[in-house]
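This report describes the strand pairing, one buried charge and one helix of a model. Please look at the sequence and the structure before reading on.

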Amino acid sequence: MYGLIGKMKCTPGQQDYLISILLEGVSGMPGCLSYVVAKDPTDADAIWITEAWTSQQAHKDSLSLPSVQAAIAKARPIIAGFGERFETQPVGGHGLVAAGGVANGIANGIANGIS
């Protein structure tokens with residue numbers, strides 16, 4: 001498995017809107033096992049995205065899907081920057097769905113498109 005954990009900063013006051021964009025298309029992403037967006041409790045303009053994929057290639061492939069590309073375009077104007085980013089190797093756990101489950105790599109597509 002392949003995992004990503006990353007922090008994203010939005011323009012002031014846009015946290016909820018950014019979250020809504022990232023959560024719009026969270027189903028039907030081939031190879032995505034988990035996609036969680038969380039508010040940063042210490043920063044009103046930051047979110048954390050935690051992803052688990054069947055492989056790094058599955059994540060990379062997701063970035064070319066039309067729904068992901070549309071979300072990247074929609075979110076780009078309110079992205080202020082990126083914080084920490086960690087690649088992981090998930091091994092299992094409560095809530096980690098089987099292959100073919102729901103989630104997406106929109107956040108990382110945005111990161112890859114902007115950085």
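Two strands pair if DSSP finds at least two bridges between them. Helices (H or I, at least four residues) and strands (E, at least two) are DSSP runs, numbered from the N terminus. The model is predicted, so local features need pLDDT of at least 70 and side-chain atom pairs count only at pLDDT 80 or more, while totals for chains, interfaces and linings use all residues. Residues are numbered from 1 along each chain as its sequence is written, and side-chain values use heavy atoms, with hydrogens and water left out.

Strand β1 (residues 2–10) has 7 of its 9 residues buried, where buried means under 20% relative accessible area with a 1.4 Å probe, protein chains only. The table gives its pairings.

| Pair | Sense | Bridges | Opposite residues |
|---|---|---|---|
| β1 and β3 | antiparallel | 8 bridges | L4 and E51 |
| β1 and β4 (residues 79–88) | antiparallel | 7 bridges | M8 and F82 |

E51 lies in strand β3 (residues 46–53). E51 is buried but forms no salt bridge, that is, no side-chain nitrogen of Lys or Arg within 4 Å of a carboxyl oxygen of Asp or Glu. R85, the nearest side chain of opposite charge, is 7.3 Å away from E51. The side chains of E51 and W53 share a polar contact of 2.8 Å, a pair of N or O atoms within 3.5 Å, one able to donate a hydrogen and the other to accept it.

In helix α3 (residues 66–75) the buried residues are V68, A71, I72 and A75. Viewed down the axis of α3, these buried residues fall within an arc of 105°, so they line one face of the helix. The arc is that of the directions from the helix axis to the C-beta atoms.

Terms used: Buried means under 20% relative accessible area, exposed over 50%, partly exposed in between (1.4 Å probe, protein chains only). Lys and Arg count as positive and Asp and Glu as negative; His and the chain ends are not counted.
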